[in-house]
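Me: I'd like a close look at a single strand in this one. Could you walk me through its pairing and its packing?

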Amino acid sequence: MQRVWAQPLRQQLFFALVFLLAPMLLAAGGLGYGEYRETVDELKEQTQATAKRSAAAIERELTGLDRMGRNLSNNPVVQALDPAGADVLLTPQRLQRPSLLSIVLVDKSGQLIGRGTSEETFPSGWPELASPVLHKGLRVVTALEKTVSGTPYITVAYPVADRSGIVGAILCHVNPQLLVSTYD
């Protein structure tokens, strides 16, 4: 210690500052890192909670879509493939669900019977959907596609059956981005 005091005043001040500042800088660094970890953990928890709420909201929307598809498929007007009656039933469905871009009723051959209002036109896609819908009576969900104007959508097809068997299908064109935004 004697050697430090024998040094010129400038060096003595430098050593004093180093010995005083070093512990403060280490403490500040430790506190900063602790705060960083807490912030990261908090953001992680918030992200997980938001993801779970979003997933629950999307699940609720899809369940509602499935319920609507089953109810429409069991409606006698839809089963009879009545164009005027089908339009009356389909239009309110489209207006009540922001994520539902279009809803159409087609017969076995893919001919349009009725439609809810829609600003977009969608490629039929019926030939790819026909087999699982008509022969197996399954609900079918397509891969993500885009309209000519660039709107993303998936098609969900529900079979329509009467006493004689499957007579057609209800095709719902859904924008997955709007499923999420209905939650926000």
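Reply: Sure, and keep in mind that this is a predicted model. Let's take strand E1, residues 100-107: 7 bridges tie E1 to strand E6 (residues 165-174), and the two run antiparallel. At one spot in that pairing, Leu 100 has Val 174 of E6 as its bridge partner.

E1 also pairs with strand E2 (residues 112-115), again in the antiparallel sense, through 3 bridges. Here Leu 105 sits opposite Gly 114 of E2. The hairpin made by E1 and E2 has 4 residues between the strands, and Gly 110 adopts a positive phi near 95° there.

As for packing, E1 is mostly covered, with 8 of its 8 residues buried. Two of the names to look for are Ile 103 and Leu 105: both are listed among the residues with the most contacts inside the largest nonpolar core, a set of 19 residues. That list also includes Leu 65, Ile 170, Cys 172 and Val 174. At least two residues of this core come from each of H2, helix H4 (83-96), E1, strand E5 (152-162) and E6. Apart from it there's another core, of 8 residues, including Val 106, Val 133, Ala 169 and Leu 171.

Zoom in on Leu 105 and, leaving out residues up to four places away in sequence, you'll find it touching Val 78, Leu 81, Ala 86, Leu 90, Gln 111, Leu 112, Ile 113, Gly 114, Val 160, Ala 169 and Ile 170. As background, nonpolar side chains tend to be buried together in soluble globular proteins.

Terms used:
Residues numbered from 1 in each chain as written. Predicted model: local features only at pLDDT ≥ 70, side-chain atom pairs only at ≥ 80, totals over all residues. Heavy atoms only, no water. Buried < 20%, exposed > 50% of the residue type's maximum accessible area, 1.4 Å probe, protein only. Pairing = 2+ DSSP bridges. Core = buried A, V, L, I, M, F, W, Y, C linked by side-chain atoms within 4.5 Å. Contact = heavy atoms within 4.5 Å.
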